[in-house]
Amino acid sequence: TAVTGTSSSDVWAVGSSFDRKLQPHTLVLHWDGTSWTISSSPDNGASSELEGVAAISGNDVWAVGHAFPSNVATLTEHWDGTSWKVVPGPDVSIGQFYAVVALSPRSVWALGSVVGDGAQLQTLAEHWNGSAWVVSRTPAANQVSEFLGATVVPHAVLAVGDATATQQDPQQTLMEVHVP
């Protein structure tokens with residue numbers, strides 16, 4: 001579902017694969033300039049999927065998605081040059097990530113949605129500050145909304161998704177810019 005790279009011989013692709021019971025599991029592929037290989041990545045529940053990936057360097061790559069232990073929970077994984085590890089974040093109840101962008105080793109953003117008040121989807125943004133994930137409020141937090149993609153532009157993070165005033169209203173394009 002997503003791809004990133006630091007060079008023509010260091011490319012990462014993430015998504016999910018399915019077992020015989022049709023349960024999704026994390027899937028990470030690495031391109032070394034010659035061939036693709038599967039890189040072992042942890043599942044954080046009975047079912048797990050990766051939706052976004054961002055590379056800072058060959059030994060600093062982030063992947064995000066969601067896991068289904070009993071509820072949908074955010075999933076954040078980090079490649080340290082040797083292996084993929086789950087990096088726990090704040091407990092946000094029922095949430096999922098669709099995108100991740102990295103400005104530096106101390107500034108990574110994971111974006112998606114969380115079930116908020118009234119069981120409505122609301123935007124979810126978490127910031128990695130170099131040592132922990134911290135939830136960040138967004139302007140669209142009081143609407144029915146979700147972030148579905150993001151990119152880094154010079155000196156800012158641009159997040160996109162959809163929003164509506166109520167679940168009955170038509171969805172509209174959501175764009176938010178964060179200038180660190």
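Is Lys85 buried, partly exposed or exposed? In this predicted model, Lys85 is partly exposed, with a relative accessible area of 43%.

## Salt bridge

Lys85 takes part in a salt bridge with Asp80, and the closest N and O atoms of the two residues are 3.2 Å apart. The count of salt bridges in the structure comes to 1. Asp80 is likewise assigned to the intermediate accessibility class: it is partly exposed, because its relative accessible area of 33% lies between the limits for buried and exposed residues. In general, side chains of opposite charge can pair when their charged atoms come close.

## Aromatic pairs

The structure contains 7 aromatic pairs. In one of them, Trp62 and Trp133 meet edge-to-face, with 5.3 Å from centre to centre and 85 degrees between the planes. This pair connects distant parts of the chain: Trp62 belongs to strand β6 (residues 60–67) and Trp133 to strand β12 (residues 133–136), 71 residues apart. Trp62 is buried, with a relative accessible area of 2%. Trp133 is buried as well, with a relative accessible area of 5%.

A further pair, formed by Trp79 and Trp84, is tilted, with a centre-to-centre distance of 5.8 Å and 45 degrees between the planes. Trp79 and Trp84 are both buried. Ring pairs also bring in Trp12, so that Trp12, Trp79 and Trp84 are linked into a cluster.

## Nonpolar cores

The largest nonpolar core comprises 14 residues, and those with the most contacts inside it are Trp62, Val100, Val108, Trp128 and Trp133. At least two residues of this core are supplied by each of the strands β6, β9 (95–104), β10 (107–115) and β11 (121–128). Both members of the edge-to-face pair, Trp62 and Trp133, are thus found among the core residues with the most contacts.

Val108 illustrates the surroundings within this core. Apart from neighbours within four places in sequence, Val108 is in contact with Ile56, Trp62, Val100, Val101, Ala102, Glu126, His127, Trp128 and Trp133. A second, separate core has 11 residues, including Val14, Val61, Leu75 and Trp84. Trp84 of this second core is also a member of the cluster with Trp12 and Trp79.

## Open sheets

Which strands form the open sheet that contains β2? The order is β1-β2-β3-β4, a sheet of 4 strands with antiparallel pairing. Its edges are occupied by β1 (2–7) and β4 (36–39); each has a single partner strand, so one side of each is left without a neighbour in the sheet. Neighbouring strands are turned against each other by 30 degrees on average, direction ignored. Strand β3 (residues 24–31) pairs with β4 in the antiparallel sense over 4 bridges, and His30 stands opposite Thr37 in β4.

Another open sheet is built from 3 strands in the order β13-β14-β15, again with antiparallel pairing. Here β13 (144–153) and β15 (172–178) stand at the edges; because each has a single partner strand, one side of each lacks a neighbour in the sheet. The average turn between neighbouring strands of this sheet is 25 degrees, direction ignored. The antiparallel strands β13 and β14 (residues 156–164) are joined by 9 bridges, and Glu146 has Asp162 in β14 as its bridge partner.

## Surroundings of His66 and Pro42

His66 is located in strand β6, the strand that also holds Trp62. His66 is buried, with a relative accessible area of 4%. Not counting residues up to four places away in sequence, His66 touches Ser47, Ser48, Glu49, Glu51, Val72, Ala73, Thr74, Leu75, Gly95, Gln96 and Phe97. One of these, Leu75, is included in the second core.

Pro42 is placed in the loop between β4 and β5 (48–57). Pro42 is partly exposed, with a relative accessible area of 23%. When neighbours within four places in sequence are left aside, Pro42 is in contact with Thr26, Glu77, Trp84, Lys85 and Val86. Among them, Lys85 is the salt-bridge partner of Asp80, and Trp84 forms the tilted pair with Trp79. Pro42 and Ala156 are 114 residues apart in sequence, and their C-alpha atoms are 31 Å apart in space.

Terms used:
Residues are numbered from 1 along each chain as its sequence is written. This is a predicted model: local features need pLDDT of at least 70, side-chain atom pairs count only at pLDDT 80 or more; totals for chains, interfaces and linings use all residues. Side-chain values use heavy atoms; hydrogens and water are left out. Rings of Phe, Tyr and Trp (its six-membered ring) pair if their centres lie within 6.5 Å; planes under 30 degrees apart count as stacked, over 60 as edge-to-face and the rest as tilted. Buried means under 20% relative accessible area, exposed over 50%, partly exposed in between (1.4 Å probe, protein chains only). A salt bridge is a side-chain nitrogen of Lys or Arg within 4 Å of a carboxyl oxygen of Asp or Glu. Two strands pair if DSSP finds at least two bridges between them. Axes are lines fitted to C-alpha atoms, for helices over the stretch in contact, and angles run from 0 to 180 degrees between N-to-C directions. Contact means heavy atoms within 4.5 Å. A nonpolar core is a set of buried Ala, Val, Leu, Ile, Met, Phe, Trp, Tyr and Cys residues joined through side-chain atoms within 4.5 Å.
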